[in-house]
Amino acid sequence: MPETGLEFSKEPTEVAVSIRNLSKSFNDVEVLRDVNLEVKKGDVVTILGSSGSGKSTLLRCINWLEQPERGSIHIAGERIGVTDEGRAMSVKALARVRAKTGMVFQSFNLWPHLNVLHNVTEAPIHVLGKSRHEAEAHARELLDKVGMSHKADAYPNTLSGGQKQRVAIARALAMQPEVMLFDEPTSALDPELVGEVLAVIKSLSAEGYTMVIVTHEMSFARSVSDQVVFLEKGLIIEQADPETFFTNASTERVRKFLERNK
Amino acid sequence: MNASAWNMLLEGAWTTLWISGVSIAIGVTAGLILALIRIARIPVIDQLLVLYISLARATPLVTLVLFIFLSAPTFGIQLERSMAGILALTLNTTAFNAEIWRSAFRNFSREQREAAMATGMTPGITFRRIMLPQMIITSLPGLINEMSFLIKGSPAIAVIGIVELTRVTNRISAVTYEPLPPILVACVLYMAIIGCLVWAQRITERRATRLAM
């Protein structure tokens with residue numbers, strides 16, 4: 001009897017990120033209005049929308065870099081930012097939940113005083129408490145994966161934008177997060193460097209990483225996504241699989257957006 | 001100048017060096033701590049620190065040394081001369097250093113901090129591993145500048161009878177009636193000390209180019 005009960009509750013959590021009734025304003029402007037979104041484990045969700053639609057804010061709420069006023073976010077079943085008693089999390093507890101997410105920023109944000117290898121090992125060593133040896137071995141694997149192992153000893157200021165972003169991806173992966181968050185990862189890149197970064201992200205999706213991506217690259221979004229979400233003035237106005245979204249969007253607004261961004 | 005004059009000069013230089021050195025070591029660390037307390041914006045304490053910093057920055061060093069040395073007995077404190085000298089220099093330099101550290105903290109890239117927090121670093125780890133190493137590099141030109149100001153201002157402690165490098169030249173010429181040689185040597189010694197600092201500054205500037213992204 002107790003065994004069956006246990007098995008029943010042991011149902012695997014298939015949801016990597018669950019966002020419920022999320023609202024957020026800056027001053028008096030509502031940037032997110034009652035947003036609901038579920039990201040299944042292994043899925044790639046891209047968030048599209050024109051600038052100012054709230055898509056970056058939504059992404060930054062997921063790891064609590066922005067604090068929403070209402071609603072809840074769960075990462076792999078654990079609520080971020082707010083304790084069970086409804087109070088704000090301590091900085092330590094927050095950092096622990098945050099570590100379940102990895103983020104890649106538009107402007108790379110590598111740490112310039114550390115070389116490439118140490119940018120990747122810094123958090124595993126000082127947050128997860130891994131040994132330097134173990135962290136470096138894992139970092140070298142990841143740098144290999146993003147094609148940057150030959151630059152392990154280089155400092156960020158000697159790298160191109162595309163190279164910096166690939167290192168930033170390795171840095172985020174090093175924490176073995178439940179979900180990877182990409183905030184316009186190619187927007188700050190020269191056009192000829194966009195491809196190398198998108199190729200890396202695509203290879204991650206093939207490996208089954210769970211990802212939420214804010215992007216302006218339409219063909220990339222179409223080919224990589226399991227789900228496309230369109231934000232307009234803080235509201236999700238369209239949510240569909242990529243085929244439906246790009247060929248048969250239900251709202252006029254999305255059809256216009258796609259027309260302009262061809 | 002005879003051997004004993006040279007000896008006196010070197011002793012004076014040593015006095016200048018160790019009193020300045022101790023004041024610099026305490027002043028740089030205390031300045032960082034004060035800067036962090038100010039950034040935390042704790043009411044009352046913040047206002048007290050602002051008051052201290054403006055007072056310390058506005059008071060001439062000689063006046064501060066005299067004040068500390070002469071007022072200590074009033075508060076029932078027995079202060080040795082060298083302690084009074086160190087205290088005055090430290091109070092002075094800490095105020096300037098606090099401002100240098102504070103501006104380094106305030107100007108630190110928000111993006112880099114966010115990247116650190118996004119990997120799960122607590123504010124404490126972020127400060128120690130990401131911010132402080134870079135703040136040291138960016139603050140060093142200002143800090144070293146302040147160190148050389150302190151060393152050049154250190155003859156102020158002679159006013160309470162500490163025989164440091166400048167004061168000792170007086171003593172020597174009082175016997176030899178030749179003021180020029182000892183003061184010349186003192187100048188060279190000051191230049192050597194400051195020269196070491198400037199050299200250290202150059203090395204750190206080379207490392208700082210990495211931070212320019």
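Trainee: How many helices and strands does the secondary structure of chain A contain?

Mentor: In this predicted model, the secondary structure of chain A comprises 10 helices and 10 strands.

Trainee: And which elements make up chain B, from the N terminus on?

Mentor: Chain B has eight helices and zero strands. Read from the N terminus, its order is α-α-α-α-α-α-α-α.

Trainee: How should the radius of gyration of chain A be read against that of a compact globule?

Mentor: The radius of gyration is taken over C-alpha atoms, and the globule rule is 2.2 Å times the number of residues to the power 0.38. For 262 residues the rule gives a value near 18 Å; chain A has 19 Å, and therefore agrees with a compact globule. Along the principal axes, the C-alpha atoms of chain A fill a box of roughly 55 × 50 × 40 Å.

Trainee: What does the C-alpha trace of chain B span along its principal axes?

Mentor: The trace of chain B spans about 70 × 45 × 20 Å.

Trainee: What share of the residues of chain A is buried?

Mentor: Buried means under 20% relative accessible area. In chain A, 53% of the 262 residues count as buried; in chain B, buried residues make up 45% of 213.

Trainee: Which atoms supply the exposed area of chain B?

Mentor: Carbon and sulfur atoms supply 67% of the roughly 11,300 Å² that chain B exposes. For chain A, which exposes about 11,900 Å², carbon and sulfur atoms supply 48%.

Trainee: Where do the charges of chain A lie on average, and how many are there?

Mentor: Chain A has 31 positive and 35 negative side chains, with the centres of the two sets 4 Å apart. In chain B, the mean positions of 17 positive and 10 negative charges are 7 Å apart.

Notes. Residues numbered from 1 in each chain as written. Chains lettered and ligands numbered in written order. Predicted model: local features only at pLDDT ≥ 70, side-chain atom pairs only at ≥ 80, totals over all residues. Heavy atoms only, no water. Helix = DSSP H or I, 4+ residues; strand = E, 2+ residues; numbered from the N terminus. Buried < 20%, exposed > 50% of the residue type's maximum accessible area, 1.4 Å probe, protein only. Areas by Shrake-Rupley, 256 points an atom, 1.4 Å probe, with all protein chains shown as cover. Lys, Arg positive; Asp, Glu negative; His and termini not counted. Charge placed at Lys NZ, Arg CZ, Asp CG, Glu CD.
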